[in-house]
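I opened this notebook to keep track of what I looked up in one structure, entry by entry. I began with a backbone detail and worked outward from there.

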Amino acid sequence: MKNSSSSQFHYVPLTVNLKTTMSQYQTLAMWAGSARFVYNMMLSVCRTAFQTYFPEKIKEEYALKELCPVFLECQAEIEVLLQQEKERRIVGAEKALTALTLNPPKNKAQQHIQEKETLLATLKDKPVGQFFNPSDPFLLCNILAVVKKKQIFPFLQKVSSLVLQDSVRHLATAFKRCQSKKAKYPQFKKKFQAKIRMAFPTYNALEYKFYDNQSEQYFTPTAGLGKIPFRHTNLGPNGNYAYLLNEGYIPKTVTIQASAKITFTRSALTKEQRSRRKRVVHGWEAVIRFVSPERKVYPVKAVDPLSTLPSIKDVKLTLSSLAKTKTTSVGVDVGHRLFLNLSHAVNGSHFEALPASLARWAETIKKVNSQMGKNRLNTEPEFSHKAVKQGETHTVPREKRLEKGISLKYSRLRRQFRQLHHRSTEECKRFFYEIAYDLFKHYDVIFYEKLNLTGLSKSAKGTTEEHGTNVKQKSALNRQWRDGRYGLFFQILENVASKLRFAGLNKHALPVNNRYTSQHCLQCGTTDRLSRKGIVFRCTHCGHEAHADINAALNIEALGLHTYSSKFEAGGCLTV
């Protein structure tokens, strides 16, 4: 559950593991593959259209050697769609010009009318191809409809149109983010690497029912799949599912995605299907997204941009900033040697260490990844690998393995690699949720440092002209930042706070600018980088000595209280 602003509805997601039959599993796998295929096909169509209609904007090194055959076959129909878009814009410009002529503005009326006339003339003289916009999902869906109508790919007729349209909308969103310079140019989705998600809107809340041994109710995401049973502790008669429906929440969408946990309905499997079950690589899970019937206003929205948060170097706080209020608070500082460093003790300890099992998971994942690299088939016959030991015979001929592009051993390793990642992530989530709930038992407000994790884990290799320095040391540091999964921990901290607020408790997790917090002295308010030496903090101005991470946690708490001081009431509660 995430925080919502006052202008948004409140969403609650619930994730469940689907217990599919073999036929349902195959249908979902076909739909996911078709969604990936349509995404790549429409991306190729967009690239070809852009090179056809905007050749002056294409650099030579990025020019396509072969144009997409789908675009060439459907070019006449696409130009008809673009002509309709041109006419629609011309009609809109004419209406705006007529309205402006009848009711001219008081200031610079002639200038505004002349601008509208110039715009209308420009639209009429503009070629049809100039109206191609890949970030328009309506246009891309119409092009997809043309492709399906021509039956260029007959298998698309068997796939739900909701899946294909959702995949096209994802492509339009990717182009929109690229145009606003928030992301790179969309890339093709590779097989076995891209995680395909299939979203289905719901128009009937009664379709979504929990599965129970006694009631025998099932889950129906969309037509063509039938009933899919599933289990989840929160979806029972007394769980969150029934509570949300009683509170008026409505199931908005269901997103089906691949999961490492494989569950089947054994009673629905035949003997042949049970033997084929061994080849199944992954399972399927559904995320049901509930929406509130009315807007939910929650206090203190977390601020994401780091520039909007004040720095402790500019504020110069002292111990008086930590005056006790009725709202208990704590500052959290993360580190490499110890996962968490708190400004106040919890259960007699200031620290929380990562479980040792995570290090074992990471070592096992590294070994399996290395074996996957050795057992991947090469496309060139003279360099193809041997999937079994020397002297043994493979059960599948070498030509067939080359046609499939994957070996039997690689398939097994890929499944093992995915399940190890899933188990490692679940173990990490369980540990993080335990910490979050334990912290909120003692404190109402938790201030955590807002880290630029992308910059902290960035490679230091540099370029071929300018090589980086201390590359090995930086790579080891990057590995520690990634293994800590601090971004996931902060996200879980906010989710737990939101859940507790949903239950009626006044709990908050708020970000704080972490710059200079390890160099600031709360005793005298001096900030000096020479005060921090390893794990010891010794102020160069007043001589105050403390543990460096504990001092940083105290600074984070003091800065958090100063940043959100206007949000505190006299009673200690946080308000808007």
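**Entry 1: a helix and its end.** Gly504, just after helix H15, takes a positive phi of about 105°, and I note from the outset that this is a predicted model. I then went back to H15 itself, which covers residues 486–502, and found 17 residues that reach 24 Å from the first C-alpha to the last, close to the 24 Å expected at 1.5 Å a residue. Looking up burial along H15, I listed as buried Tyr486, Phe489, Phe490, Ile492, Leu493, Asn495, Val496, Ala497, Ser498, Leu500 and Arg501.

**Entry 2: positive phi outside glycine.** I looked for positive phi values in residues other than glycine and noted Tyr516, with phi near 70°. Tyr516 is placed in the loop between S10 and strand S11 (532–533), and at 26% relative accessibility it counts as partly exposed. Lys181 also has a positive phi, near 60°, and is likewise a residue other than glycine. I found Lys181 in the loop between H6 and strand S2 (197–201), where it is exposed, with a relative accessible area of 77%.

**Entry 3: strand S10.** Is strand S10 enclosed by the rest of the structure or open? Six of the six residues of S10 (residues 508–513) are buried, so I recorded the strand as largely enclosed by the rest of the structure. I checked the two faces separately: His508, Leu510 and Val512 are buried on one side, and Ala509, Pro511 and Asn513 are buried on the other, so that both faces are covered. Strand S9 (residues 445–450) runs parallel to S10, and six bridges join the two. Within this pairing I followed Tyr448, whose bridge partner in S10 is Pro511.

**Entry 4: aromatic rings.** Tyr448 came up again when I turned to the rings, where ring pairs link Phe431, Phe432, Tyr448, Phe489 and Phe490 into a cluster. The cluster thus takes in Phe489 and Phe490, which I had already listed among the buried residues of H15.

How many aromatic pairs does the count come to? I noted 14 aromatic pairs. One of them is formed by Phe37 and Phe155, which meet edge-to-face, at 5.3 Å centre to centre and with 65° between the planes. Phe37 lies in helix H1 (residues 22–53), whereas Phe155 lies in the loop between helix H5 (137–150) and helix H6 (161–179), so the pair ties together parts that are 118 residues apart in sequence. Phe37 counts as partly exposed at 28% relative accessibility, and Phe155 counts as partly exposed at 34%. I then compared Phe431 and Phe432, which form a tilted pair with 6.0 Å centre to centre and 50° between the planes; both Phe431 and Phe432 are buried.

I also looked for charges over rings. The charged end of Lys189 sits over the ring of Tyr39, 4.6 Å from its centre, and Lys126 lies over the face of Phe131, at 5.2 Å from the ring centre.

**Entry 5: cysteines.** How many disulfides does a search of the whole structure find? I recorded zero. The case I examined was Cys539, whose sulfur is 3.6 Å from the closest cysteine sulfur, in Cys524, which is too far for a bond, given that a disulfide requires the sulfur atoms to be within 2.5 Å. Cys542 is in no disulfide either, and the nearest cysteine sulfur, again that of Cys524, is 3.6 Å away. As to accessibility, Cys539 counts as buried at 5%, whereas Cys542 counts as partly exposed at 38%.

**Entry 6: a distant pair.** I looked up His344, found in strand S7 (residues 340–346), and noted it as partly exposed, with a relative accessible area of 32%. His344 and Glu557 are 213 residues apart in sequence, and their C-alpha atoms are 9.9 Å apart in space.

**Entry 7: the whole chain.** I closed with the totals for the protein chain, which has 16 helices and 13 strands. Buried residues make up 39% of its 576 residues. Of the contacts in the chain with a separation of 6 or more, 72% are accounted for by residues 24 or more positions apart.

Key. Residues are numbered from 1 along each chain as its sequence is written. This is a predicted model: local features need pLDDT of at least 70, side-chain atom pairs count only at pLDDT 80 or more; totals for chains, interfaces and linings use all residues. Side-chain values use heavy atoms; hydrogens and water are left out. Rings of Phe, Tyr and Trp (its six-membered ring) pair if their centres lie within 6.5 Å; planes under 30 degrees apart count as stacked, over 60 as edge-to-face and the rest as tilted. Helices (H or I, at least four residues) and strands (E, at least two) are DSSP runs, numbered from the N terminus. Buried means under 20% relative accessible area, exposed over 50%, partly exposed in between (1.4 Å probe, protein chains only). A charge sits over a ring if NZ of Lys or CZ of Arg is within 6 Å of the ring centre and within 35 degrees of the ring normal. Two strands pair if DSSP finds at least two bridges between them. The expected span of a helix is 1.5 Å times one less than its number of residues. Contact means heavy atoms within 4.5 Å.
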